[in-house]
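Here are my notes on the model you sent over, set out as numbered points so that you can follow along with the structure open.

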Amino acid sequence: MASKAPNKDSEVASSDVVEKSLTPAMQATSISQESPSWSPSPTSLPTTLTRSVEILGVATDCWVQLFGDRILFGVSQLQGKVGTMISCQVEDSGIIDGNATRFNIEVLLGKRDDDMLGVYARRILDQILKLRTSLQDACPPILLAISLKPQTQKDPVMFNGIIDTV
């Protein structure tokens with residue numbers, strides 16, 4: 001079956017239907033927003049802190065971004081490359097004992113077979129928990145982006161230096 005090309009009358013009629021379904025306020029808004037500003041509001045931007053340090057002679061970049069629903073941490077020894085992305089969450093068990101905290105660490109992207117990166121994530125999350133003012137304060141989910149040089153990754157002095165920096 002051959003399709004007919006739409007004529008101008010049918011195009012006008014369909015646009016009239018759309019315009020008639022809009023309220024006057026919506027029409028005024030759609031007309032006045034012909035060239036909207038796409039720059040974000042300063043209040044919607046995350047707070048970002050960065051630090052570059054040298055640990056055992058290795059340049060290490062660390063950054064943190066505070067979002068409304070989570071915190072993004074980054075540690076890179078590979079010129080700012082993101083590396084492995086790890087999701088870290090704390091799940092309180094509801095038991096009155098303060099030691100009944102469960103950590104949920106999940107590799108989202110990158111090296112899934114490297115258990116040491118999970119240790120870094122767990123320890124960074126533990127540091128954040130120490131900053132809580134009370135046990136009732138919820139800890140937001142953490143997203144950790146980590147890329148370390150293979151020769152320094154398992155060094156205990158490097159580990160402690162990175163944890164202290166973050």
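1. Let me begin with the start of helix α4, where a side-chain oxygen of D155 comes to within 2.9 Å of the backbone nitrogen of V157. Please keep in mind throughout that this is a predicted model.

2. The helix itself, α4, spans residues 156-165, and its buried residues are M158, F159, G161, I162, I163 and T165. As for what lies over them, the cover includes the strands β1 (47-55), β2 (58-66) and β3 (71-76), together with helix α3 (115-130). An α-helix has 3.6 residues a turn, so residues three or four places apart point the same way. With that in mind, it is worth looking at M158 and I162 on your screen, both of which are on the buried list.

3. Stepping back to the whole chain, there are 4 helices and 6 strands. Their order along the sequence is α-α-β-β-β-β-β-α-β-α. Of the 166 residues, 28% are buried. Among contacts with a separation of 6 or more, 56% join residues that are 24 or more positions apart. The chain exposes about 11500 Å², and 56% of that area comes from carbon and sulfur atoms.

4. Which residues touch the most other members of the largest nonpolar core? They are F73, I86, Y120, L144 and I146, in a core of 28 residues. Two or more residues each come from β2, β3, β4 (84-92), α3, β6 (142-147) and α4. Helix α3 gives the largest share, with 8 residues. A separate core of 5 residues lies apart from this one, and W63, L72, L143 and A145 are among its members.

5. I146 deserves a closer look as one of those core residues. Beyond four places in sequence, I146 touches V75, V82, G83, T84, I86, L117 and Y120. Two of these partners, I86 and Y120, also appear among the residues that touch the most other core members.

6. T60 sits in strand β2. Is T60 buried or exposed? Its relative accessible area is 1%, so T60 counts as buried. The side chain of T60 reaches the backbone oxygen of V58 at 3.2 Å. Setting aside neighbours within four places in sequence, T60 is in contact with R51, S52, V53, I55, V75, S76, Q77 and I162. The last of these, I162, is one of the buried residues of α4, which ties this point back to the helix discussed above.

7. L56 is the backbone feature I would ask you to look at. Most residues other than glycine have a negative phi. L56 is not a glycine, yet has a positive phi of about 55°. This residue belongs to the loop between β1 and β2. L56 has a relative accessible area of 51%, and because the exposed class begins over 50%, L56 falls in that class.

8. Strand β5 (residues 101-109) includes I105, and L108 lies in β5 as well. Both count as partly exposed, I105 at 30% relative accessibility and L108 at 41%. Leaving out neighbours within four places, I105 is in contact with I86, S87, C88, G118, A121 and R122. For L108, under that sequence limit, the contacts are M85, I86, S87 and L143. I86 and S87 therefore appear in the list for I105 and again in the list for L108. As for C-alpha separations, I105 and I142 are 37 residues apart along the chain and 9.5 Å apart in space. L108 and T84 are 24 residues apart in sequence, with their C-alpha atoms separated by 7.6 Å.

9. Finally, the largest pocket. Rolling a probe the size of a water molecule over the atoms shows where empty space is left. The largest pocket holds about 370 Å³ of space. Its lining has 16 residues, and L49, V64, F73, T165 and V166 lie nearest its centre. At least two lining residues come from each of β1, β2, β3 and α3, with β2 giving the most, 4 residues. Two of the residues nearest the centre have been mentioned already: F73 from the largest nonpolar core and T165 from the buried set of α4.

Notes. Residues are numbered from 1 along each chain as its sequence is written. This is a predicted model: local features need pLDDT of at least 70, side-chain atom pairs count only at pLDDT 80 or more; totals for chains, interfaces and linings use all residues. Side-chain values use heavy atoms; hydrogens and water are left out. Buried means under 20% relative accessible area, exposed over 50%, partly exposed in between (1.4 Å probe, protein chains only). Contact means heavy atoms within 4.5 Å. A polar contact is a pair of N or O atoms within 3.5 Å; within protein, one must be able to donate a hydrogen and the other to accept it, and residues adjacent in sequence count only if both atoms are side-chain atoms. A nonpolar core is a set of buried Ala, Val, Leu, Ile, Met, Phe, Trp, Tyr and Cys residues joined through side-chain atoms within 4.5 Å. Accessible areas come from the Shrake-Rupley method with a 1.4 Å probe; for residues, only the protein chains shown count as cover. On a 1 Å grid over the protein atoms alone, a cavity is a set of points where a 1.4 Å probe fits but cannot get out, and a pocket is an open set with protein on both sides within 12 Å along at least five of seven lines; lining residues have an atom within 4 Å of a point. Grid points are joined across faces, edges and corners, and a volume is the space filled by probe spheres set on the points.
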